[in-house]
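Subject: Structure for you to look at

Hello,

Here is the structure I said I would pass on. My notes on the pocket, the core and the aromatic residues follow below.

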Amino acid sequence: MATNKLEDTNGTGAIAIPISIVTNSESKKYPCRSLELVIKKTFVDPSDLNVGIKEEIYVGSKPTYSLITNLAPGEYSVGEYRCYANYRRVFNDSKSYLTSYAGLSFEVKADQVLILKKGFEGSVDYDAVGGSSFNYGFYSATGGQKESIKETMTNQGLPVGWTIVEQ
């Protein structure tokens with residue numbers, strides 16, 4: 001579940017995804033309201049190949065990270081993801097979302113938060129007549145972004161038994 005709060009240790013793990021949203025107009029919203037990731041476990045039974053955990057991360061409020069909790073230990077990947085349009089906005093004249101490739105892979109361990117080496121970055125520029133262009137995608141997270149997440153989570157009070165590591 002995408003949240004910014006850890007529960008008591010229960011044998012599951014979590015991932016923290018760095019997020020950086022930059023706009024040149026504070027009065028206008030970022031074009032993506034949310035991201036939908038499908039997290040798939042790797043090296044699974046062949047009957048489970050098309051099974052994934054759907055997680056929605058809201059990026060419109062410009063969070064600095066998103067925490068996805070309650071993941072069973074194991075290896076995971078995220079291939080494609082969707083960027084859903086903000087309210088009253090459409091992409092390419094009719095679509096409510098854009099699909100892109102994330103290329104994320106990671107290993108979840110019990111009672112551990114893994115800060116991913118790739119984070120979501122988005123930027124938007126608005127021109128004087130109301131037009132806009134924007135970029136988005138998963139890029140290498142900076143050391144500063146990862147350190148900030150670690151510091152924020154530690155300051156909020158990490159439940160007993162949890163550790164934080166970087167990918």
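What volume does the largest pocket have? The model is predicted, and in it the largest pocket comes to about 190 Å³.

The lining of this pocket is made up of Glu-36, Val-38, Lys-40, Lys-54, Ser-77, Val-78, Gly-79, Glu-80, Tyr-81, Arg-82 and Thr-99. By type, 5 of the lining residues are charged, 3 are polar and 3 are nonpolar. Strands β3 and β6 each supply at least two residues, and β6 gives the most, with 6.

Next, the interior. In soluble globular proteins, nonpolar side chains tend to be buried together. Here the largest nonpolar core has 32 residues. Those with the most contacts inside this core are Ile-15, Tyr-30, Val-59, Phe-106, Phe-120 and Phe-138. Two or more core residues come from each of β2 (13–23), β3 (32–41), β5 (65–71), β6 (74–85), β7 (97–108), β9 (118–126) and β10 (132–140). Another core, of 11 residues, lies apart from the largest one, and Ala-16, Tyr-65, Ile-115 and Ile-149 are among its members.

Phe-138 is a useful residue to start from when you open the model. Leaving aside residues up to four places away in sequence, Phe-138 touches Ile-17, Leu-35, Leu-37, Tyr-81, Ala-102, Leu-104, Gly-119 and Phe-120. Phe-138 has a relative accessible area of 10%, so it counts as buried, under the cut-off of 20%.

Two of these contacts are also ring pairs, so the aromatic residues come next. The structure holds 9 aromatic pairs. In one of them, Tyr-81 and Phe-138 sit edge-to-face, 5.0 Å centre to centre with 90° between the planes. This pair links distant parts of the chain, since Tyr-81 is in strand β6 and Phe-138 in strand β10, 57 residues apart. Both Tyr-81 and Phe-138 are buried, and Tyr-81 is also one of the residues that line the largest pocket.

Phe-120 and Phe-138 form another edge-to-face pair, at 5.7 Å centre to centre and 70° between the planes. Phe-120 lies in strand β9 and Phe-138 in strand β10, so this pair ties together parts of the chain 18 residues apart in sequence. Phe-120 is buried because its relative accessible area is 1%, again under 20%.

Finally, which residues form one aromatic cluster? They are Tyr-30, Tyr-81, Phe-91, Phe-120, Phe-134, Tyr-136 and Phe-138.

Regards

Conventions:
Residues are numbered from 1 along each chain as its sequence is written. This is a predicted model: local features need pLDDT of at least 70, side-chain atom pairs count only at pLDDT 80 or more; totals for chains, interfaces and linings use all residues. Side-chain values use heavy atoms; hydrogens and water are left out. A nonpolar core is a set of buried Ala, Val, Leu, Ile, Met, Phe, Trp, Tyr and Cys residues joined through side-chain atoms within 4.5 Å. Buried means under 20% relative accessible area, exposed over 50%, partly exposed in between (1.4 Å probe, protein chains only). Helices (H or I, at least four residues) and strands (E, at least two) are DSSP runs, numbered from the N terminus. Contact means heavy atoms within 4.5 Å. On a 1 Å grid over the protein atoms alone, a cavity is a set of points where a 1.4 Å probe fits but cannot get out, and a pocket is an open set with protein on both sides within 12 Å along at least five of seven lines; lining residues have an atom within 4 Å of a point. Grid points are joined across faces, edges and corners, and a volume is the space filled by probe spheres set on the points. Ala, Val, Leu, Ile, Met, Phe, Trp, Tyr, Cys and Pro count as nonpolar, Asp, Glu, Lys and Arg as charged, and the others, Gly among them, as polar. Rings of Phe, Tyr and Trp (its six-membered ring) pair if their centres lie within 6.5 Å; planes under 30 degrees apart count as stacked, over 60 as edge-to-face and the rest as tilted.
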